[in-house]
Amino acid sequence: MTVSTAKAPAKNAYLAGVRDGWPYIFMVIPFSILFGVVAMDAGLSVGQAMGFTVLVIAGAAQFAALQLMVENAAVPLVLLAALAVNLRMAMYSASLVPYLGAAPLWQRALVAYLNFDQTYMASITRYENRPEMTTDQRFLYFMGVATPIAPVWYAMTLVGIYAGSTIPESWALDFVLPITFLAMVAPMLKSLAHVAAAVVSIIVALALNSLPSGAGLLIAAFCAMCAGAAVETAMERRQ
């Protein structure tokens, strides 16, 4: 009876993650199909495209790298662009350490692989709202969020690879990228510091849009962090 009772919270945490993760598949489906289509148009083989999407599992970085590959950019530039776009993952990882840093190495390795925008946004919100969660419950919740998303990402990329030529351009699948980020970021704007960081990142990213792929985003992210930290510090002093 005691063992069953102990397992219940862990099971509930995983199921809660699945429940919070499955709505994201409606954004993941067109996004992953689009990558499959673009990868084929760029001349990648089926194996290369699927290997790309399984190993990297980061849509924005995949598109940035793929664009530069199409333009025959040097390998270091391709890697730098992907790194710049994915720099936010380092910030995600740092903010997860207080919640998952005590987990076993194999669990942290799984979290590192599956640490993309949707899993991070859902999980960090849950952790902040449920500080009583144990490390095991946090890990299982994270994996629950990833459970419906990752397989759909792989499968729909394959659909895009094989069915891409039959998808009408009028569907405008490329529009799903900004919609996805808006849907994920908007609920996270809980304070004036968050709003300041978001506004600064938008202004700087638009102003530096002409820079090589990834460079403007990298600078915008740095400026946003500085703005958010400055506003939060000012608010703390005022209090």
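In the predicted model, contacts between residues at least 6 apart in sequence are dominated by long-range pairs, 77% of them joining residues at least 24 apart. One pair distant in sequence is formed by Pro-30 and Thr-157, which are 127 residues apart along the chain and whose C-alpha atoms are separated by 9.0 Å. Pro-30 belongs to helix 2, which spans residues 25-41. With a relative accessible area of 17%, Pro-30 counts as buried, because the cut-off for burial is under 20%.

The secondary structure comprises 12 helices and 0 strands. The pattern read along the sequence is accordingly α-α-α-α-α-α-α-α-α-α-α-α. Of the 239 residues, 41% are classed as buried. The protein exposes about 13200 Å², and 70% of this area is supplied by carbon and sulfur atoms.

Helix 5, formed by residues 75-85, illustrates how burial can be distributed around a helix axis. Its buried residues are Val-78, Ala-81, Ala-82, Ala-84 and Val-85. These residues cover an arc of only 160° around the axis and therefore lie on the same side of helix 5. The general geometry of the α-helix is relevant here: with 3.6 residues a turn, residues three or four places apart point the same way. The face of helix 5 turned away from the buried side carries Val-75, Pro-76, Leu-79, Leu-80 and Leu-83, which are exposed.

Packing between helices was examined for helix 6 and helix 8. Helix 6 (residues 87-100) and helix 8 (residues 117-129) pack at an angle of about 30°, and their axes are 11 Å apart. Their crossing is left-handed. On the side of helix 6, the contact involves Arg-88, Met-89, Tyr-92, Ser-95, Leu-96, Tyr-99 and Leu-100, which meet Asp-117, Tyr-120, Met-121, Ile-124, Tyr-127 and Glu-128 of helix 8. Classified by residue type, this contact has 9 nonpolar, 1 polar and 3 charged residues.

A further local feature concerns the backbone at Ile-57. This residue is found in the loop between helix 3 (46-56) and helix 4 (59-70). Most residues other than glycine have a negative phi. Ile-57, although not a glycine, has a positive phi of about 40°. Ile-57 is also buried, with a relative accessible area of 7%.

Technical notes:
Residues are numbered from 1 along each chain as its sequence is written. This is a predicted model: local features need pLDDT of at least 70, side-chain atom pairs count only at pLDDT 80 or more; totals for chains, interfaces and linings use all residues. Side-chain values use heavy atoms; hydrogens and water are left out. Buried means under 20% relative accessible area, exposed over 50%, partly exposed in between (1.4 Å probe, protein chains only). Helices (H or I, at least four residues) and strands (E, at least two) are DSSP runs, numbered from the N terminus. The arc is that of the directions from the helix axis to the C-beta atoms. Contact means heavy atoms within 4.5 Å. Accessible areas come from the Shrake-Rupley method with a 1.4 Å probe; for residues, only the protein chains shown count as cover. Axes are lines fitted to C-alpha atoms, for helices over the stretch in contact, and angles run from 0 to 180 degrees between N-to-C directions. A crossing is left-handed if the near helix is turned anticlockwise from the far one by less than a right angle, and right-handed if clockwise. Ala, Val, Leu, Ile, Met, Phe, Trp, Tyr, Cys and Pro count as nonpolar, Asp, Glu, Lys and Arg as charged, and the others, Gly among them, as polar.
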